[in-house]
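Q: I am new to this model and would like to take a close look at one part of it, namely its charged side chains and their surroundings. Please go slowly and give the reasoning where there is some.

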Amino acid sequence: MEKKEFKKIVNDCLLSNGFVKKGKFYYKTSDEVICSLGLQKSNHSNCFYVNVGIVIKEINPSLELPRDVDGDIRCRFYFEVDGNKVDCLPIDQLSESNVIITSLKKNILELVDPSLELEGLKKLLNDKPVLLYQTKMVVKKYLGIEG
């Protein structure tokens, strides 16, 4: 699959699932949280990461359009490719868009949507403690999470 085709598939899927695109980033927001997504091309192979930055508005009132790297909580989407879970999607090994679309929708449902509410964000961090490694201490305190 070509890079241009891949980016169009990602763009269309994210926009149809409630994201808006501003500049290079995609945003999905609530009253409490901003979730930003950014595509990153690997320097070592023809694959792409989808980086996630979750920003709590009350902690960061001046960040209206945060980049993924500005996130209070940072992580990446994972993709199911040939039975393997990978964080860098090898586009040259893909011939159909359904692998991309299915994985994007699953990540949105399991990671992004729950994080848009503070209670959902707490539950997500409890259910997936590996995310705590990329969570700022101020957020852990704000949410009342030990670690």
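How many salt bridges does the structure hold?

A: The model is a predicted one, and it holds 7 salt bridges. Among them is the pair formed by Lys 8 and Asp 12, whose side chains meet with a nitrogen-to-oxygen distance of 2.7 Å. Lys 8 and Asp 12 are separated by about one helical turn, because they lie 4 residues apart in helix α1, which covers residues 3-16. Asp 12 has a relative accessible area of 35%, so it counts as partly exposed, a class that lies between the buried limit of under 20% and the exposed limit of over 50%. The C-alpha atom of Asp 12 is also separated by 9.3 Å from that of Ile 101, although their positions lie 89 residues apart along the chain.

Another of the salt bridges joins Asp 127 and Lys 123, with 2.6 Å between N and O. These two residues are likewise 4 apart, in helix α3 (residues 118-127), and therefore about one helical turn separates them. At a relative accessible area of 45%, Asp 127 is partly exposed, whereas Lys 123, with 52%, is exposed.

A further salt bridge, between Arg 76 and Asp 87, has its closest N and O atoms 3.7 Å apart. This pair links distant parts of the chain, since Arg 76 belongs to strand β5 and Asp 87 to the loop between β7 (84-86) and β8 (89-90), 11 residues apart. Arg 76 counts as partly exposed because its relative accessibility is 28%, and Asp 87 is also partly exposed, with a relative accessible area of 22%.

From these pairs we can turn to a charged residue without such a partner. Asp 68, placed in the loop between β4 (47-56) and β5 (73-76), is buried and yet has no salt bridge. The nearest side chain of opposite charge is that of Arg 74, which is 5.6 Å away, while a salt bridge requires a side-chain nitrogen within 4 Å of a carboxyl oxygen. Leaving out residues up to four places away in sequence, Asp 68 touches Phe 25, Ser 36, Leu 37, Gly 38, Asn 51, Val 52, Gly 53 and Arg 74, so Arg 74 counts as a contact under the limit of 4.5 Å between heavy atoms.

The surface carries charged patches as well. Lys 3, Lys 7, Lys 21, Lys 24 and Lys 41 gather in a patch of positive charge. One of its members, Lys 24, sits in the loop between β1 (20-22) and β2 (25-29), and a relative accessibility of 70% is why Lys 24 counts as exposed. A negative patch on the surface is formed by Asp 31, Glu 32, Glu 58 and Glu 117. Of these, Glu 117 is found in the loop between α2 (98-115) and α3, and its relative accessible area of 46% makes it partly exposed.

Asp 82 deserves a separate word on account of its backbone: it has a positive phi of about 50° although it is not a glycine. Asp 82 lies in the loop between β6 (79-81) and β7, and it is exposed, with a relative accessible area of 72%.

It helps, finally, to return to helix α1 and to two residues there that are covered by the rest of the protein. Asn 11, found in helix α1, counts as buried because its relative accessibility is 19%, which falls under the 20% limit. Apart from residues up to four places away in sequence, Asn 11 touches Lys 21 and Tyr 26, and Lys 21 is one of the residues of the positive patch. Leu 14 also has its place in helix α1, where a relative accessibility of 1% makes it buried. Setting aside neighbours within four places in sequence, Leu 14 is in contact with Phe 19, Tyr 26, Leu 37 and Ile 108. Tyr 26 is thus touched by Asn 11 and by Leu 14, and Leu 37, a contact of Leu 14, is also touched by the buried Asp 68. Leu 14 and Val 50, which are 36 residues apart in sequence, lie 11 Å apart in space from C-alpha to C-alpha.

Methods. Residues are numbered from 1 along each chain as its sequence is written. This is a predicted model: local features need pLDDT of at least 70, side-chain atom pairs count only at pLDDT 80 or more; totals for chains, interfaces and linings use all residues. Side-chain values use heavy atoms; hydrogens and water are left out. Patches are made of residues with over 30% relative accessible area and no salt bridge: like charges are joined within 9 Å, nonpolar side chains (Val, Leu, Ile, Met, Phe, Trp, Tyr) within 5 Å. Accessible areas come from the Shrake-Rupley method with a 1.4 Å probe; for residues, only the protein chains shown count as cover. Lys and Arg count as positive and Asp and Glu as negative; His and the chain ends are not counted. The place of a charge is taken as NZ of Lys, CZ of Arg, CG of Asp or CD of Glu. Buried means under 20% relative accessible area, exposed over 50%, partly exposed in between (1.4 Å probe, protein chains only).
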